[in-house]
Amino acid sequence: MDYHVSLPPSTTTCLSFKVHRRQPELVTPAKPTPLELKPLSDIDDQQGLRFQIPVIFFYRPNLTSNLDPVQVIKTALAQTLVYYYPFAGRLREGPNRKLSVDCTGEGVLFIEADADVTFAELEEADALLPPFPCLEELLFDVEGSSELLNTPLLLVQVTRLKCGGFIFALRFNHTMTDGAGLSLFLKSLCELACGLHAPSVPPVWERESLIASTSALVTHTHREYDDKVEPEAVVVGDFLVSRSFFFGPDEIAAIRRLLPTDLHNTTFEAMTSFLWRCRTVALSPDPNTEMRMTCIVNSRSKLSNPPIPSGYYGNVFAIPVAIATAKDLMEKPLEFPLRLIQEAKKSVTEDYIRSMTALMATRGRPMFVAAGNYIVSDLRHFDLGKVDFGPWGKPVYGGTAKAGIAVFPGVSFYVPFKNRKGVSGTVVAISLPVPAMEKFVEELDGVLYKCLNGRL
């Protein structure tokens, strides 16, 4: 199958190339695995996680190696599925919308491909950051595979580049795992690809520890799952445009100049409060509109009764929400949204997590509120930039493949990245309607001067 892909022109070149894909195949565990039905946790199967997330990794060539990345990864994948065998099964839905994995050993989807382009050409065309204009060819959506139930839980595509580099792309069902869990899976995949006989951190299922008991009570007010639904600031059907922004030490320092010098804050808090405000200004909602900022909080360290095992690869996070009117966000100092974000993060305790599982079990596993919401997921600490299959080393870019999730564009992921100047920082992909994106860039430039005007 040959497909022609065109990339937008960069400052120096207009690049086009062809992708040749072989027919998708199923990769099954390398050894027999248990046949059983394993319920997901009450965090896993909430409505807001019933979708697929694509991630992508770009590798430079190693001219001293004659190993084929397709065969290396395909073989390691079959071996890894012996340990992570639920991924080779299929999701089923039972009473009260409860999801379980039917561990059938049917396997995961795998696509072998070749692209008529070099790594250097992709780099020159600024095609190594979201949005990837060729994503649909580098991670092909096999017909029927994006459904939630009764379909493969992983889709993997390895695309060789004509220079010897390659692209590793993977799409996973979010009900099965989160960023930390995916990192464990990929770590195991890399270890087996590099010759280890078993993962250094054995995977642990134990989803029952996050299934609410019949007597569990909702003890907190979970505004993230409010029943009321207001009109969305980003109207479905708006023509959206995506763009990546780089935040290095200079950009973070510029943001912090807007904050009191004695106000303790993390890079995440400073950057998130700034992006929340800029995005609100860009969308220009009615001043009285309720705007939301949802921080995805990895909650593994919050749980002690029982503690979460190091090999646990299910979802363990909360999504506390900070809420303010558009008027307050646009007019008050940056300290205002930053403190709201700090309070939201601080609200997550073990009791909060248990309360959330009870809410899911008793309220039909509701969707988070999308209206006026901006969701941020920080992937900087999950080692996605260290996915190393051997001779090719670490990826130049490793992280989520686009902004947004499913049909909801208001999600950004923080991905570690080193730019062309060798500066380490964070890449954030934003998706907005075209007029709003123009305002967003103006707002950023107004604070960061011309830091973001050039190419990354």
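Biologist: What makes the backbone oxygen of phenylalanine 268 and the side chain of threonine 272 a polar contact?

Modeller: The distance. In this predicted model, a polar atom of the threonine 272 side chain lies 2.6 Å from the backbone oxygen of phenylalanine 268. A polar contact needs a pair of N or O atoms within 3.5 Å. The 2.6 Å separation is within that limit, so the distance condition is met.

Biologist: Why is threonine 272 called buried?

Modeller: Its relative accessibility is 0%. Buried means under 20%. Threonine 272 therefore counts as buried.

Biologist: Where is threonine 272 found, and which residues does it touch?

Modeller: Threonine 272 is in helix 6, residues 267-283. Leaving aside residues up to four places away in sequence, it touches Met293, Ile341, Val376 and Tyr414.

Biologist: Why are helix 6 and helix 8 called oblique to each other?

Modeller: Look at the angle. The axes of helix 6 and helix 8 (residues 335-346) cross at roughly 120° and come within 9 Å. Roughly perpendicular covers 65 to 115 degrees, and roughly antiparallel starts over 145. An angle of roughly 120° fits neither, so the pair is oblique. The crossing of helix 6 with helix 8 is right-handed.

Biologist: Which residues meet where helix 6 and helix 8 touch?

Modeller: From helix 6 come Phe268, Glu269, Ala270, Thr272, Ser273 and Trp276. From helix 8 come Pro337, Leu338, Leu340, Ile341, Gln342 and Lys345. By class, this contact has 7 nonpolar, 3 polar and 2 charged residues.

Biologist: Now helix 1 and helix 4. What makes helix 1 oblique to helix 4?

Modeller: Helix 1 (residues 69-83) and helix 4 (residues 179-193) pack at about 120°, with axes 8 Å apart. That angle is neither in the 65 to 115 range nor over 145, so helix 1 is oblique to helix 4. Their crossing is right-handed.

Biologist: Which residues make the contact of helix 1 with helix 4?

Modeller: Helix 1 gives Val72, Ile73, Ala76, Leu77, Gln79, Thr80 and Tyr83. Helix 4 gives Phe185, Ser188, Leu189, Leu192 and Ala193. They divide into 9 nonpolar, 3 polar and no charged residues.

Biologist: How do you know that isoleucine 73 is buried?

Modeller: Isoleucine 73, in helix 1, has a relative accessible area of 0%. The cut-off is under 20%, so isoleucine 73 is buried. Beyond four places in sequence, isoleucine 73 touches Phe110, Val158, Phe166, Phe168, Leu189 and Phe389.

Biologist: What separates the C-alpha atoms of isoleucine 73 and phenylalanine 168?

Modeller: They are 8.9 Å apart in space and 95 residues apart along the chain.

Key:
Residues are numbered from 1 along each chain as its sequence is written. This is a predicted model: local features need pLDDT of at least 70, side-chain atom pairs count only at pLDDT 80 or more; totals for chains, interfaces and linings use all residues. Side-chain values use heavy atoms; hydrogens and water are left out. Helices (H or I, at least four residues) and strands (E, at least two) are DSSP runs, numbered from the N terminus. Buried means under 20% relative accessible area, exposed over 50%, partly exposed in between (1.4 Å probe, protein chains only). A polar contact is a pair of N or O atoms within 3.5 Å; within protein, one must be able to donate a hydrogen and the other to accept it, and residues adjacent in sequence count only if both atoms are side-chain atoms. Contact means heavy atoms within 4.5 Å. Axes are lines fitted to C-alpha atoms, for helices over the stretch in contact, and angles run from 0 to 180 degrees between N-to-C directions. A crossing is left-handed if the near helix is turned anticlockwise from the far one by less than a right angle, and right-handed if clockwise. Ala, Val, Leu, Ile, Met, Phe, Trp, Tyr, Cys and Pro count as nonpolar, Asp, Glu, Lys and Arg as charged, and the others, Gly among them, as polar. Angles under 35 degrees count as roughly parallel, over 145 as roughly antiparallel, 65 to 115 as roughly perpendicular and the rest as oblique.
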